[in-house]
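Me: Hi! Could you walk me through the side-chain contacts in this one?

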Amino acid sequence: MKNSTAIWHILAVATVIFWGTSFVSTKVLLTHGFSAVQVFFIRFVFTYLLLLAINHKKILVQNFKDEFLLFISGITGGTLYFWAENTALTLSPSSNVSLIVCTNPLLIMIFGGLLFKSERLKSRQILGSLLTFVGMVLVVLNGKFILKLSPLGDFLAFAAAILWTIYSLSLKPFKARYSTLFITRKIFFYSIVSSIPLMAAEHLQGRFIPWENFAEPVVAFNFLCLAIFSSLLGYVAWNTVLKKLGTVLASNYVYALPLVTIITAMIAIGERISPVAWAGAATIVMGMAIAEYKGKR
């Protein structure tokens, strides 16, 4: 049992690394003249074209209900999630946003257990999840135990956590009926469609995509990283992990996102990691080990 699931845990770790480093790529693009909406719209389009090239034989789903669920997944796990999170970052300190957004595994644990009997955790797994959450808090704070309240920004961050919870749970009913590539392609299609109104609003305000900036290698490189690693590989891998490990247990890996981000920041821009953050990292590892261990069957 351990050997058969090890590959999916490794895949979950790889996904968290892809997503954790994506914050750095996004920040680079924001400093090169792109708006937050433009960044995720172009990212969605690049990723969808790549997925369409790989998986294009099947177009339609089996019924309207499945199509509607994929639409919900696309708008919640794509457009609305990124809009809420990016907007929250402009209104609240990043520490607030990270803490609030990373509560979504707790929301998934609560609602997943209520909605799906197969997702209910044992007491050992609940303890591990709570320990991992505590470790994530220590990493995000990084020794600075000061949080400034920003009602609108904090509300949008919590909305992002709820949106990701809806995305994760909405995928569960039809995972057995469609391939992961097909599901991911449909999700990005609906992410693009639901992003068009936001792009149109920016266009009316005179904010146009600075296509000329793609001549800079750093811009093209970071968009490729977001499209290939964070979106294509990240979402395909994550949707596979959700299917293989279960939505609730797999979501514990989200707690490690701030750890990956802060380590990337340390390497890229020399940000200091405090002893408190290292203690949080150890707590995350310990909590995840407890949560993922199921014992002998």
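Reply: Happy to. One term to start with: buried means under 20% relative accessible area. Also, this is a predicted model.

Me: Good. So is Lys186 buried or exposed?
Reply: Lys186 has 8% relative accessibility, so it counts as buried.

Me: Which side chain does Lys186 meet in a salt bridge?
Reply: That would be Glu67, at 2.9 Å from N to O. The pair links distant parts of the chain, with Lys186 in helix α8 and Glu67 in helix α3, 119 residues apart. Glu67 is buried too, because its relative accessible area is 16%.

Me: How many salt bridges does the structure hold?
Reply: Just one.

Me: Switching to rings: how many aromatic pairs are there?
Reply: There are 23 aromatic pairs. One of them is Trp19 with Trp164: the centres are 5.5 Å apart and the planes are at 90°, so it is edge-to-face. Trp19 is in helix α1 and Trp164 in helix α7, so this pair ties together parts 145 residues apart in sequence.

Me: And what about Phe71 and Tyr190?
Reply: Their ring centres lie 5.5 Å apart with planes at 90°, so they are edge-to-face. Phe71 sits in helix α3 and Tyr190 in helix α8. Tyr190 is buried at 14%, while Phe71 is partly exposed at 30%.

Me: Last one: which residues make the nonpolar surface patch?
Reply: Ile110, Phe111, Leu114 and Leu115 make it, and it covers about 430 Å². Leu114 belongs to helix α5, and with 62% relative accessibility it counts as exposed.

Methods
Residues numbered from 1 in each chain as written. Predicted model: local features only at pLDDT ≥ 70, side-chain atom pairs only at ≥ 80, totals over all residues. Heavy atoms only, no water. Patch = residues over 30% accessible without salt bridge, like charges linked within 9 Å, V, L, I, M, F, W, Y side chains within 5 Å. Areas by Shrake-Rupley, 256 points an atom, 1.4 Å probe, with all protein chains shown as cover. Salt bridge = Lys/Arg side-chain N within 4 Å of Asp/Glu carboxyl O. Helix = DSSP H or I, 4+ residues; strand = E, 2+ residues; numbered from the N terminus. Buried < 20%, exposed > 50% of the residue type's maximum accessible area, 1.4 Å probe, protein only. Phe/Tyr/Trp six-rings, centres within 6.5 Å; stacked < 30°, edge-to-face > 60°.
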